[in-house]
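Subject: Structure handover

Hello,

Here is the structure I said I would pass on. My notes on what turned up in it follow below.

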Amino acid sequence: MTTTTTTTGDAVQYLRWRKDVADHDYAAASSYLSIRFGESRAEEVSKKLQKLPVIQRRANDILRATQRDPLPLSDPGVLRDLQKVLAGEKLSPILIADGDIADGYHRVSLAYALDPYADVPLKLG
């Protein structure tokens, strides 16, 4: 288990991460990637991601490298992940393929909002 502790004002926030990616996140990544690359390439990339190890990168670096702006805390997906964190649930690592966030944009945005320098687990393919 990876725990990122950060102090925001007087509040202490905890992000807990799963050791590996949830199975449904590979399907979500494949769905997103199929829009970019087509079905067969998306499935191929998703299968390759499954074989890769989980590594760590800072939230700000992930967003910068993928040329994404963080979603606001008011975004429904970010709020849903915040509710999970507050309930003590572990979040799934991020999936990055070909320089884009294939799955986990809401999770990395939440991590960034809590601490831009937080280490975030991901698979990078």
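R41 lies over the face of F37, at 5.6 Å from the ring centre. Please keep in mind that this is a predicted model. R68 sits in a similar way over the face of Y105, at 4.3 Å from the ring centre. As for pairs of aromatic rings, a search of the whole structure came back with 0.

R41 also takes part in a network of salt bridges, together with E44, K48 and D98.

Overall layout

The protein chain has 5 helices and 6 strands. Read from the N terminus, the order of elements is β-β-α-α-β-α-α-β-β-α-β. Of its 125 residues, 44% count as buried. Among contacts with a separation of 6 or more, 75% are between residues 24 or more positions apart.

Salt bridges

In general, side chains of opposite charge can pair when their charged atoms come close. How many salt bridges does the structure hold? The count is 11.

One of them joins the side chains of D20 and K123, at 3.4 Å from N to O. D20 is in the loop between β2 (11-17) and α1 (23-37), while K123 is in strand β6 (residues 119-124), so this pair ties together parts that are 103 residues apart in sequence. Are these two residues buried or exposed? D20 counts as partly exposed, because its relative accessibility is 37%, whereas K123 counts as buried, because its relative accessibility is 1%.

D100 takes part in two of the bridges described here. With R36, the side chain of D100 forms a salt bridge at 3.3 Å, N to O. That pair links distant parts of the chain, with R36 in helix α1 and D100 in strand β5 (residues 100-103), 64 residues apart. R36 has a relative accessible area of 41% and is therefore partly exposed. D100, at 8% relative accessibility, counts as buried.

With R68, the side chain of D100 forms a salt bridge at 2.9 Å, N to O. Here D100 in strand β5 is joined to R68 in the loop between α3 and α4 (76-86), so the pair ties together parts that are 32 residues apart in sequence. Both D100 and R68 are buried. R68 is also the residue that lies over the face of Y105.

Nonpolar cores

The largest nonpolar core has 20 residues, and those that touch the most other members are L15, I94, I101, V108, L110 and V120. At least two residues of this core come from each of β2, α3, α4, β4 (94-97), α5 (105-114) and β6. Which element gives the most to this core? α5 does, with 5 residues.

I94 can serve as an example from this core. Leaving aside neighbours within four places in sequence, the contacts of I94 are W17, I101, D103, G104, R107, V108, V120, P121, L122 and K123. A second, separate core has 10 residues, including V21, Y26, L33 and L95.

Two single residues

N60 lies in helix α3 (residues 59-65). N60 counts as buried because its relative accessible area is 17%, and the cut-off for buried is under 20%. The side chain of N60 makes a polar contact with the side chain of R58, at 3.2 Å. Beyond the neighbours within four places in sequence, N60 is in contact with Y112, P116 and Y117.

K84 lies in helix α4. K84 is partly exposed, with a relative accessible area of 30%. Which residues does K84 contact, leaving aside neighbours within four places in sequence? They are E89 and L91. K84 and L15 are 69 residues apart in sequence, and their C-alpha atoms are 9.6 Å apart in space. L15 is one of the residues that touch the most other members of the largest nonpolar core.

Where to look

To follow these notes in the viewer, one place to begin is D100, with its salt bridges to R36 and R68. From R68, the next stop is the ring of Y105. The bridge between D20 and K123 can be viewed after that, followed by I94 and its contacts, K123 among them.

Regards

Notes: Residues are numbered from 1 along each chain as its sequence is written. This is a predicted model: local features need pLDDT of at least 70, side-chain atom pairs count only at pLDDT 80 or more; totals for chains, interfaces and linings use all residues. Side-chain values use heavy atoms; hydrogens and water are left out. Rings of Phe, Tyr and Trp (its six-membered ring) pair if their centres lie within 6.5 Å; planes under 30 degrees apart count as stacked, over 60 as edge-to-face and the rest as tilted. A charge sits over a ring if NZ of Lys or CZ of Arg is within 6 Å of the ring centre and within 35 degrees of the ring normal. Helices (H or I, at least four residues) and strands (E, at least two) are DSSP runs, numbered from the N terminus. Buried means under 20% relative accessible area, exposed over 50%, partly exposed in between (1.4 Å probe, protein chains only). A polar contact is a pair of N or O atoms within 3.5 Å; within protein, one must be able to donate a hydrogen and the other to accept it, and residues adjacent in sequence count only if both atoms are side-chain atoms. Contact means heavy atoms within 4.5 Å. A salt bridge is a side-chain nitrogen of Lys or Arg within 4 Å of a carboxyl oxygen of Asp or Glu. A nonpolar core is a set of buried Ala, Val, Leu, Ile, Met, Phe, Trp, Tyr and Cys residues joined through side-chain atoms within 4.5 Å.
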